[in-house]
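Here is a friendly round of questions about how structural labels are earned. Have a look at the model first, and then we can go through the terms one by one.

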Amino acid sequence: MESFALKRIAAVASHLTPTAPPPQQQQALSMEATASAAAASVFDHLEQAPEDPILGITVAYNKDPHPGKVNLGVGAYRTEEGKPLILNVVRRAEERLLADRSKNKEYLPITGLADFNKRSAMLILGSDSPAVVEKRLVTAQCLSGTGSLRVGAEFLARHYGVKLVFLPTPTWGNHFKVFMNAGLAVKTYRYYDNKTRGLDYEGMLEDIGAAPSGSVILLHACAHNPTGVDPTPQQWEGIRQAIRNRGHLPFFDSAYQGFASGSLDKDALAVRTFVADGGECFIAQSFAKNMGLYGERVGALSIVSKSSGVATRVESQLKLVIRPMYSNPPIHGASIVALVLGDGDLFSEWTVELKGMADRIISMRHKLYDALRARGTPGDWTHILKQIGMFSFTGLNKEQVQFMTREYRIYMTLDGRISMAGLSLKTVPLLADAIHAAVTGAKA
Amino acid sequence: MSTAAAPASSVPAGARSGWWEAVQPAARDPILGVTEAFLADSDPKKVNVGVGAYRNDEGKPVVLECVRKAEQIIAGKQNMEYLPMGGLVKFNDLSVKLAYGDTAPVLEEKRVAAVQTLSGTGACRLFADFQKRFKPDSRIYIPVPTWANHHNIWRDARVEAHTFRYYKPSTRGLDFEGLMEDLKKAPEGSFVLLHACAHNPTGVDPTADQWKEMSQLFKSNGLFPFFDMAYQGFASGDTVRDAQAIRIFMEDGHQLACAQSFAKNMGLYGQRVGCLSVVCDNSQQAVNVKSQLQQIARPMYSNPPLHGAQIVTTVLSDPELKEQWYKEVKVMADRIIGMREALKSNLEKLGSSLPWKHITEQIGMFCYSGLTEDQVDRLTKEFHIYMTRNGRISMAGVTTGNVEYLANAIHEVTK
C-alpha cells in the first residue's frame with residue numbers, strides 16, 4: 001500500500017516539473033542530442049492513471065511474496081488446484097483448427113464470423129426463438145462482453161433518441177466507462193439490498209418506473225456481478241412489465257450463461273422471456289467464462305428489432321461503428337466457439353464441463369458457509385448460499401477488506417466481492433479465518 | 001414496414017415500438033464492399049485487385065510457414081487467461097524493437113510506452129482517442145489521399161481533421177512542394193499522420209532526403225509525427241529499410257508515435273495483431289502514458305486478443321523462426337515487385353500510349369493506376385475486375401495467370 005502512495009507522489013511531482021521550452025529555430029541535431037535538448041513531450045502533463053480496481057488486485061497479488069496468499073479478485077475460473085482451466089472441448093477444437101491446413105487467417109467480415117454469430121444468437125435465444133425464426137435479429141461478433149457492450153452503446157449514442165442508460169447499484173465497475181465513453185449519460189437504479197443481502201425488488205421497480213420513458217436499462221442476464229443476487233422468475237416478470245410499460249429499452253449483459261446454474265437454458269430464461277413478448281432489446285454475450293476463452297476475446301452483440309427490414313439497416317450502421325474502432329474482430333476464439341457449438345459431441349461435452357465448473361463453485365459456497373458457521377462467526381451468512389454465479393457479495397466493508405488483505409493475504413475488491421471460483425478446499429479455511437477475524441474486530 | 005403479429009403476452013399498449021425505423025441503411029465500406037461484390041460474381045475470369053490482402057501466384061491466401069510453426073509451438077498452451085490491458089508485454093517489447101531497432105537508445109532508456117492493439121486500426125484509434133483526451137484542441141493532418149478509414153477513425157475520436165497535399169496526379173508521384181507548403185501552415189502542436197512506407201493507396205513514398213527535410217520542418221514548427229506502419233518488410237523486402245523514415249525522425253530527436261500492424265507482413269490479418277508506441281521524455285512519463293492508453297482500452301475491449309500476439313512473439317523471439325520470417329516477407333515483396341514489372345511491360349507491349357512507369361516506381365501492395373471512376377466501373381462491368389473506385393490496384397491480387405488479362409482490360413478502357 002505504501003509503494004502505491006509513493007508512486008502517486010512521484011507522478012504528481014513529475015507533473016509539476018517545469019517543461020523545457022519548445023525549440024525556436026530550425027537546427028541540425030547530431031546523434032548525441034538527448035531528450036533534454038529537445039522539446040518536452042507534448043504529453044508531459046499526463047499523470048499516471050490509477051490501476052484498474054479489479055485488474056489491479058491481481059497486480060498486487062502477483063507482487064506479494066507471501067506463500068499463503070489467496071487471489072479472490074478477478075473473476076476467472078480456477079480449478080481445485082487453483083489453476084486456470086482450458087476446457088477439453090476447447091483443446092480439441094483448437095487441435096482440429098490447427099490440423100486443418102485449408103484454414104487461413106484472412107480478415108473476417110466487419111461483423112465477424114457468420115457461423116459463430118448464428119450459433120451464439122441461438123444459444124442465448126433458443127433456436128425456436130421468434131426473433132430467430134422471423135429474422136428480426138442482427139448479431140455481430142465483438143471483443144467479448146466489453147466489446148459487445150461498447151459497440152451497442154456507440155450505436156445507441158448515434159441512433160437512439162434517449163441517450164440515457166440506467167445501471168444497477170452496484171454493477172461491474174467497467175460498465176460506467178463503457179457507456180460514458182460511448183457518449184451516453186449514466187444513472188443508476190436500486191438493486192442490491194444491504195440489509196437482506198438480496199434484491200431490493202421494490203426499489204428496483206420504483207426506479208425503473210421513474211426513469212424517463214425510453215431509457216436504456218442494463219440488466220445482468222444471470223449471476224449478477226458483483227453481488228450474485230438474481231431476481232426470481234416471478235420478479236423477472238414484474239421487471240419485464242415495468243420496463244415495457246415505460247417503453248424502456250432493455251440491454252442484457254450475459255457473461256455467465258451456463259456458468260450460473262449449470263444449465264444453459266435456465267440461465268437464459270430472463271432474456272428469452274423478454275424476447276418472447278415481441279419487444280426489442282440488446283444482448284451482449286461473452287464466452288470468456290463459460291468457454292474459458294478469456295484472453296481470446298470472444299463475444300457477440302445481438303439486437304432484436306421489430307422487423308427484418310430494420311435488422312438489415314441496423315447491421316449496416318453497426319459496421320460504421322466497428323470499422324473505425326478495430327475494422328473486424330479476431331478470428332481465433334470465434335472459430336473455436338463456432339466449432340464447439342456446431343458439433344453435437346463437442347456441444348454435449350461442453351455442457352458437462354460447464355456444469356462441472358458451476359457445481360464446483362456451488363460446492364465452495366457450501367463449504368465456506370459451513371466453515372463460518374463452524375467458527376461461530378457472527379452474522380447471517382445464508383446469502384453466500386443464495387447468491388449465484390462466480391461472485392459473492394460478502395457484505396464486508398472497505399476497512400474489513402483492507403484488514404483481510406494486510407493480515408491474511410486475501411486479495412479481493414474493496415466492495416467486499418469475492419470470486420468463488422478462486423476458492424478451493426485448501427483455501428476455504430484461510431478465508432473463513434480471515435472473515436471471522438475481520439468481523440469480530442480483531443485488531444492488527 | 002410490416003411488423004410481426006404481437007403474441008399473447010405482448011408489449012402493452014403504452015409501450016414504445018419501432019425505435020429503429022429512422023435508421024438509414026449505411027453506405028457500404030468502399031474497400032471491404034469490393035470483396036463482397038467480387039464474391040457474388042460468378043464469372044470465371046473475375047479478378048480481385050480490391051482489398052489489400054496478399055495472394056500467392058495461384059491467387060490464394062497464404063499462411064506463412066513460420067506462423068504455422070509458431071502455432072504448433074503454442075498449441076496446448078497453458079491457459080487463455082486475460083492479457084493485461086496493455087497486452088502481452090513480451091510482444092510489445094519485440095514489436096518496438098522491430099520498429100525502432102534492437103539497440104535504439106529510446107528503448108534502452110525505457111522511454112517508449114507500448115501497448116498491444118487490435119492491429120493497425122486499433123492502434124490508430126487508440127492514439128486518436130488519446131490525442132483527443134490529452135490534447136483536445138489539437139488537429140490531425142491527414143495526407144490526400146489516404147486509407148479511407150483514417151478519416152473515420154479521427155472523426156469518431158472527434159479530433160478536428162485537416163488535410164495536406166500528398167499525391168500529384170500529373171506525375172503520379174509525390175507532391176513534395178504541396179506537402180511542405182501545407183504542413184508549414186499547420187499550427188504548432190498539430191499532429192501529422194504519415195505512412196512510414198508503402199503509402200496506401202498510392203504506393204508513393206518520400207525519398208530519404210525528403211523525409212529529412214520533413215523532419216526538420218516538424219522540429220522547427222512543433223509538429224507531432226504519427227507514423228502508420230502497416231507494411232514494414234512488405235514494401236522493399238527489408239524491415240530495416242522500410243522503417244527508415246522512423247529512424248530518420250528518431251535521429252532528429254523527435255518524440256513520435258507509431259501504429260504497427262502485423263496483418264500483412266506476418267499474414268495475420270484476421271488475428272488482429274498490432275502495437276501502438278509513443279516515445280516519451282523519460283521512463284516515468286512512458287509509464288504514465290501507457291497507463292492512460294490502458295484507460296482508453298479498458299472500456300473499449302478490456303484487453304487485447306491473445307492468440308495472434310503469441311504467434312508474433314514466438315516468431316520474433318526464436319532466431320530460426322525470425323530468419324525464416326525475413327525470407328518469407330522478402331518472397332512476398334519480391335513477387336509483388338515482379339508483378340509490377342510484368343503489368344508495366346504488358347501494357348507497353350500492347351502499345352498503350354499512356355505513361356505507366358509509376359507502376360514500378362510506386363512501392364508496396366498498391367498501385368495508384370490513375371484510372372478514373374468511370375474506367376474502374378467499366379473494368380468491373382465489362383471485365384469482372386474488382387478494385388476500389390479510386391483506381392487503386394492491389395498488386396497482391398495480380399498473378400502470372402491474370403496479369404495479361406488485367407493489362408488488356410486496362411488498355412481497353414484507357415485507349
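Contact means heavy atoms within 4.5 Å. This is a predicted model, where local features need pLDDT of at least 70 and side-chain atom pairs count only at pLDDT 80 or more, while totals for chains, interfaces and linings use all residues. Residues are numbered from 1 along each chain as its sequence is written, chains are lettered from A and ligands numbered from 1 in the order in which they are written, and side-chain values use heavy atoms, with hydrogens and water left out.

Q: How many residues of chain B and chain A are in contact?
A: By the contact rule, 99 residues of chain B meet 108 residues of chain A.

Q: What is the area buried between chain B and chain A?
A: Buried area is the accessible area (1.4 Å probe) that two parts lose on being put together, summed over both. Here the value is about 8,700 Å², and carbon and sulfur atoms give 56% of that.

Q: What makes A:Arg101 and B:Glu65 a salt bridge?
A: The term asks for a side-chain nitrogen of Lys or Arg within 4 Å of a carboxyl oxygen of Asp or Glu. The closest N and O atoms of A:Arg101 and B:Glu65 are 3.1 Å apart, and the pair forms a salt bridge. Across the interface of chain B and chain A, the rule finds six salt bridges.

Q: Why is B:Lys327 called exposed?
A: Buried means under 20% relative accessible area, exposed over 50%, and partly exposed in between (1.4 Å probe, protein chains only). B:Lys327 has 57% relative accessibility, so it counts as exposed. Its place is helix H13 (residues 319-349) of chain B; helices (H or I, at least four residues) and strands (E, at least two) are DSSP runs, numbered from the N terminus.

Q: Why does A:Ser335 count as buried or exposed?
A: A:Ser335 counts as buried because its relative accessibility is 14%. A:Ser335 touches A:Leu97 and A:Leu113, leaving aside residues up to four places away in sequence.

Q: Why is strand S7 of chain B described as largely enclosed by the rest of the structure?
A: Five of the five residues of strand S7 (residues 191-195) are buried, so the description fits. B:Phe191, B:Leu193 and B:His195 point one way, and B:Val192 and B:Leu194 the other.

Q: How do you know that S7(B) and strand S8 of chain B pair?
A: Two strands pair if DSSP finds at least two bridges between them. S7(B) and strand S8 (residues 224-229) have five bridges, in the parallel sense, with B:His195 opposite B:Asp228.
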